Amino acid sequence: GGPERAMQVLVVGSGGREHALCWKIAQSPLVSKLYVAPGNAGCAAVAERVAIQPTQIDALTDFVHSRRIDLTVVGPEATLVGGLVDRLTKLGLKAFGPTKEAAKLEGSKSYAKALARTHNIPSPDFRVFQSLPTALNYLERGAHFPLVVKADGLAAGKGVRVCQSAEEAREHLRDCLERGRFGEAGERVVIEDFVKGTEASVLVLTCGKT
């Protein structure tokens, strides 16, 4: 019954994706107040910016709880992997985004690859390495080029390299496993068969049934 009450919404993130979300959400007649944490200059035109970073899970949880935010829309992968949705759901607060467990599909390439293999989802063959000598040994004795070397975790799109030669692969492996260029994200590495084709991103929104 009755008309829905006006909602307070928080969008988490600071990229173009979050600007697009803010721009559209602000157009809804159901929204009385829109916040964005931390947002960007574009977001500022349609939402109130809040000085909290996407990785500050405690601060975001406190803000949503204290301001009685009705819906939190999470953009960044790191925030999802950090478990913000789980924290808010546990408090009975509504959040749009996958749980920490589901976000592991994006947070760990080896986890996603193993899941695909277990469930017979077509995916290029792969091997996982945590030690540089073992990975280099594989390059020497059995690797076919080109191949793809990937830092296992989130590396802001910089952790994946298509390698045409053993030299290129060695360099990227050293960046991950020896030089620590990608921090924790590069402590485990996936070496994957190279597949030529068209890259596509497909976004599917589901409630679990529909």
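Helices here are DSSP runs of at least four residues, numbered from the N terminus. By that count, K113 is found in helix 6, residues 109-118. The model is a predicted one, and K113 is a good place to enter it.

Is K113 buried or exposed? The cut-off for buried is under 20% relative accessible area. K113 has a relative accessible area of 8%, so it counts as buried. Its side chain does have a polar partner. That partner is the side chain of E192, at 3.1 Å. Beyond its neighbours within four places in sequence, K113 is in contact with S123, P124, F126 and E192.

Now step back to the whole protein. It has eight helices and nine strands. The C-alpha trace spans about 70 × 35 × 30 Å along its principal axes. There are 210 residues, and 37% of them count as buried. Take the contacts with a separation of 6 or more: residues 24 or more positions apart account for 56% of these.

Next comes the interior. In soluble globular proteins, nonpolar side chains tend to be buried together. The largest nonpolar core in this model has 20 residues. Those that touch the most other members are L139, L147, V149, L173, L177, V189 and I191. Which elements supply at least two residues each? They are helix 7 (132-142), strand 7 (147-151), helix 8 (166-177) and strand 9 (189-193). Helix 7 gives the most, with five residues.

A second core is separate from this one. It holds 18 residues, including Y35, A37, L60 and L80.

Return to V149, in the largest core. Leaving out residues up to four places away in sequence, V149 touches G159, V160, R161, C163, A169, H172, L173, V189, V190 and I191. One of these, H172, deserves its own look. H172 lies in helix 8. At a relative accessible area of 2%, H172 is buried. With the same sequence neighbours set aside, H172 touches V149, K158, G159, V160, R161 and F182.

The backbone has some unusual spots. Most residues other than glycine have a negative phi, and most peptide bonds are trans. Where are the cis bonds described here? One runs from A37 to P38, with omega near -10°. P38 has its place in strand 2, residues 31-38. A37 also appears in the second core. Another cis bond runs from F145 to P146, with omega near 0°. P146 sits in the loop between helix 7 and strand 7.

Two residues that are not glycine have a positive phi. N120 has a phi of about 55°. It is found in the loop between helix 6 and strand 6 (126-129). A156 has a phi of about 50°. A156 lies in the loop between strand 7 and strand 8 (160-163). Are these residues buried or exposed? The cut-off for exposed is over 50%. N120 has 69% relative accessibility, so it counts as exposed. A156 has 71%, so it is exposed too.

Last, the empty space. Rolling a probe the size of a water molecule over the atoms shows where empty space is left. The second largest pocket has a volume of about 200 Å³. Ten residues line this pocket, and the closest to its centre are R5, M7, D70, L71 and K94. What kinds of residue make up the lining? Four are nonpolar, one is polar and five are charged.

Terms used. Residues numbered from 1 in each chain as written. Predicted model: local features only at pLDDT ≥ 70, side-chain atom pairs only at ≥ 80, totals over all residues. Heavy atoms only, no water. 1 Å grid on protein atoms, 1.4 Å probe; cavity = no way out; pocket = protein on both sides within 12 Å on 5 of 7 lines; lining within 4 Å. Points joined across faces, edges and corners; volume = space filled by probe spheres on them. Nonpolar A, V, L, I, M, F, W, Y, C, P; charged D, E, K, R; others polar. Core = buried A, V, L, I, M, F, W, Y, C linked by side-chain atoms within 4.5 Å. Buried < 20%, exposed > 50% of the residue type's maximum accessible area, 1.4 Å probe, protein only. Contact = heavy atoms within 4.5 Å. Polar contact = N/O pair within 3.5 Å; in protein donor to acceptor, adjacent residues only side chain to side chain.
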